[in-house]
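Dear colleague,

Please find below the structure that I am handing over to you. A short account of what was found in it follows.

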Amino acid sequence: MASSLTSNDFQEDAGRGLVSDENALQKHVAFFDRNNDGIIYPWETFQGFRAIGAGYLLSFISAFLINLGLSRKTRPGKAFSLETLMLGVEVKNIHMAKHGSDSGVYDSKGRFVSWKFEEIFAKFARTHSDALTSHELKAMLKANREPKDYRGWVASWTEWITLYNLCKDKGGLLKKETIRGVYDGSLFQQMEREKLATAGKKKE
């Protein structure tokens, strides 16, 4: 799916539907908290993926794996119960589920680290200063790998390749402003609007 997002789109979405004390990582996942109760259940993750244009299979697999991987980490001390089997992810504790072999753009508390974001493009954007090609993206993923952190390798690869496939432009580029929108969550709001607008035009 080619993206037609602009910087103005992200500015319009800045902070929309988010409480003032959320950090960047919380904003990143808040889109998937479809009923805004602070807990993201698998069906909400599924709904979120469908809302941004992902297919049924990708949405189903993502919902199961993401919630399975993050639930226990964001709900420490929760005794085994029917509630824990529902695999809810607590937005306020999402920083506890941060995996290794990532870009480092979120710090250990989930805050956005601007110089690490700029470093992505300083190091890997060789063809265009404000975008990554598929090859450059894979080079970044390889460079970010921590020794024997196999789970982190898989998590990072899955996140970035999914993002690339959903949001690359017609030239196969993943734009800087698009990636920035992922980190603060505004991209997801815009993708949902685009999908709704496209669906509306088809009905006309």
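**Findings on helix α4 and the chain as a whole**

L65 is exposed, because its relative accessible area is 51%, and the cut-off for exposed is over 50%. Please note that the model is a predicted one.

L65 lies in helix α4. This helix covers residues 56–74, 19 residues in total, and spans 26 Å from its first C-alpha to its last, close to the expected 27 Å. Helix α4 also contains a kink of about 30 degrees, with its centre on N67.

L65 also takes part in a nonpolar surface patch of about 630 Å², together with L57, F60, I61, F64 and L68.

Other residues of helix α4 are buried, namely S59, S62, A63, N67, S71 and T74. N67 is thus both the centre of the kink and one of the buried residues. The packing partners of the buried residues in α4 are two strands, β1 (39–40) and β2 (89–90), and two helices, α3 (42–51) and α5 (82–85).

Turning to the whole protein chain, its secondary structure consists of 10 helices and four strands. Their order along the sequence is α-α-β-α-α-α-β-α-β-α-α-β-α-α. The chain has 204 residues, of which 46% count as buried. Where contacts link residues at least 6 apart in sequence, 58% of them join residues at least 24 apart. The exposed area of the chain is about 11,500 Å², and carbon and sulfur atoms supply 57% of that area.

With kind regards

How values were computed:
Residues are numbered from 1 along each chain as its sequence is written. This is a predicted model: local features need pLDDT of at least 70, side-chain atom pairs count only at pLDDT 80 or more; totals for chains, interfaces and linings use all residues. Side-chain values use heavy atoms; hydrogens and water are left out. The expected span of a helix is 1.5 Å times one less than its number of residues. The bend at a residue is the angle between axes fitted to the seven residues ending there and the seven starting there. Buried means under 20% relative accessible area, exposed over 50%, partly exposed in between (1.4 Å probe, protein chains only). Contact means heavy atoms within 4.5 Å. Accessible areas come from the Shrake-Rupley method with a 1.4 Å probe; for residues, only the protein chains shown count as cover. Patches are made of residues with over 30% relative accessible area and no salt bridge: like charges are joined within 9 Å, nonpolar side chains (Val, Leu, Ile, Met, Phe, Trp, Tyr) within 5 Å. A salt bridge is a side-chain nitrogen of Lys or Arg within 4 Å of a carboxyl oxygen of Asp or Glu.
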